[in-house]
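Colleague: I have a model open on my screen and would like a close look at a single part of it. Could you walk me through that part slowly, and then show me what else is worth seeing?

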Amino acid sequence: MEIDLAIVNFPKQQSIFDSPASYKIVQKGRRFGLTKGAANDFINCSLTKKFKHGLWVDTVNSNIDRYVERYFLPHLNKVPRQIWNWRQQQKVLEVRESYIDFRSADRPENIEGFGYDKLFLNEAGIILKDEYLWQNSIKPMLWDYKPKAVIGGTPKGKGQFFLLCELAKKEGLPGYQHFHFSPFDNPYLNHDKIREEMKLMPQMVIAQEVYGEFCDDSGVVFRGVTRVASAIPQKPVKDHSYVMGVDLAKVQDWTVIAVYDRRTNAQVYQDRFQTLEWPFQKAKIKAICQHYNNALIMLDATGLGDPIADDLTRESLPVEPIKLTNEMKKEIIEKLIIWIDQEKLKMINMPETISEFTNFTYDISSSGKIRYEAPAGFHDDIVIAHALAVWSLTPLFTQRLVKKKTPIQLAKDRSTLRYELEDELEEAEWSQI
């Protein structure tokens, strides 16, 4: 039974999927229409039995559900129900003899284990900040077949996606093709409205978000993290004062506790846990606080954190609740940026810490305001915990041993001072020395 839904991409969309290249690398600005085009292509190819094993990788599961509901199901509902099945819990779409596994990039290890002949990586500028995702998780799964892979997104700094674009640009390289589009290539958008919006946007934002250009250090927040990641976990030292930054979460995100020694500005402890009920979280925070000499608790008291701060205070723990408004978050993050850049602190070298600090980014609104955040599909709990702790730290003052000057050196100093004094009063004072 042949089924033709007459799903048609516009010409520049379709040029990507018509390419015979195994790896089609699509560098684009926002709203070009790559995601919708990829969904249309998956539907057409599954109905015409052009692949068997498909993989769609996106930022987070919530985006996957929306794409399936908005881009796939309206078309599939027009064909006999017995030839397709959407298993939402498992995130698998079966159409005729084909299936598409939908996976999120926040847990690359959950993607591994199967082979695929058709692949779509969405928001590659974001998800390929994690080089492991491409090199270790996805690429080996394409070795079983001659794949048809589309890897595309808006650039977000120069990472693995940038390297793939540069690779695909090389002339004569078999199997790769590079595409570059902007929203002005989408005939269904109001191009005049986009041009009006661009008048209020910073040039770097226009280059990246509209024209899909790779900008130097675009979105990079923390530089030199590996330089300061030299601390090792330490037990509490008598008479030392400690501070613990606490970023709370219950289900999707992580609760993170980062403890710093206020005498050395070095991190001494870190804990990270998930899906733990509030009474257990409070007990854990209390135990760590007391273990580290009744450490000051710098706690994110935004939303659900507010009653937690009250409960801990009632237990006579030293709590300083911090309401993370946009402005407050900006301030604590920028202090952490400066302290890392100037190497005023030391943190424990942990893979999840380095990864989160490396992926942490910023966005610039059309009005020019900076907003710090983790990319979609990533976490910033470790960064916030460190920022809260560092917010309470003060710079260290080092003592220098100064050798006592000889009478001859003092005489030279006085002679130099005399020639620098200009007014008569200062000359009179000098004569009395």
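In which order do the strands of the open sheet of five strands run, and what is the pairing?

Modeller: Happy to, and please keep in mind that this is a predicted model. The five strands of that open sheet come in the order β11-β10-β9-β12-β13, and their pairing is mixed. At the edges stand β11 (266-273) and β13 (319-322); each has a single partner strand, so one side of each is left without a neighbour in the sheet. On average, and with direction ignored, neighbouring strands here are turned by 15° against each other.

Let us start at the β11 edge. The partner there is β10 (residues 255-261), and the two strands pair in the antiparallel sense over seven bridges. If you want a pair to click on, Asp 261 stands opposite Ala 266 in β11. Towards the other edge, helix α11 (residues 305-314) packs on the sheet and touches β12 (296-300) and β13. The direction of α11 makes about 160° with that of β12.

Now look at the loop between β9 (242-247) and β10, where you will find Trp 254. Setting aside its neighbours within four places in sequence, Trp 254 is in contact with Asp 247, Leu 248 and Ala 249, with Arg 272, Phe 273 and Gln 274, and with His 379 and Asp 381. Asp 380 is also worth selecting: its C-alpha atom and that of Trp 254 are separated by 8.9 Å, although the two residues are 126 places apart along the chain.

For context, here is the other sheet I would show you. Eight strands form an open sheet in the order β3-β4-β5-β2-β6-β7-β1-β8, again with mixed pairing. Its edge strands are β3 (84-87) and β8 (176-181), each of which pairs on one side only. From one strand to the next, the twist averages 10°. Within this sheet, β2 (residues 53-58) and β5 (residues 98-104) pair in the parallel sense over six bridges, and the bridge partner of Val 57 in β5 is Arg 103. Helix α3 (residues 61-76) lies across β2, β3, β4 (92-95) and β5, and runs at about 150° to β5. Helix α5 (residues 131-138) packs on the sheet too, touching β1 (23-28), β2, β6 and β7, with its direction at about 170° to that of β6.

A salt bridge is a good next stop. The side chains of Glu 97 and Lys 49 meet in one, at 3.6 Å from N to O. Glu 97 lies in the loop between β4 and β5 and Lys 49 in the loop between α2 and β2, so this pair ties together parts that are 48 residues apart in sequence. The count for the structure comes to 19 salt bridges.

Last, the empty space. The structure holds one cavity of 30 Å³ or more, and its volume is about 30 Å³. Three elements each supply at least two residues of its lining: α2 (34-47), β6 (118-121) and β7 (148-153). The lining residues are Phe 17, Ala 38, Asp 41, Phe 42, Lys 118, Leu 119, Phe 120, Lys 148 and Val 150. By class, that makes six nonpolar, no polar and three charged residues.

Technical notes. Residues numbered from 1 in each chain as written. Predicted model: local features only at pLDDT ≥ 70, side-chain atom pairs only at ≥ 80, totals over all residues. Heavy atoms only, no water. 1 Å grid on protein atoms, 1.4 Å probe; cavity = no way out; pocket = protein on both sides within 12 Å on 5 of 7 lines; lining within 4 Å. Points joined across faces, edges and corners; volume = space filled by probe spheres on them. Helix = DSSP H or I, 4+ residues; strand = E, 2+ residues; numbered from the N terminus. Nonpolar A, V, L, I, M, F, W, Y, C, P; charged D, E, K, R; others polar. Pairing = 2+ DSSP bridges. Axes fitted to C-alpha atoms, helices over the stretch in contact; angles between N-to-C directions. Contact = heavy atoms within 4.5 Å. Salt bridge = Lys/Arg side-chain N within 4 Å of Asp/Glu carboxyl O.
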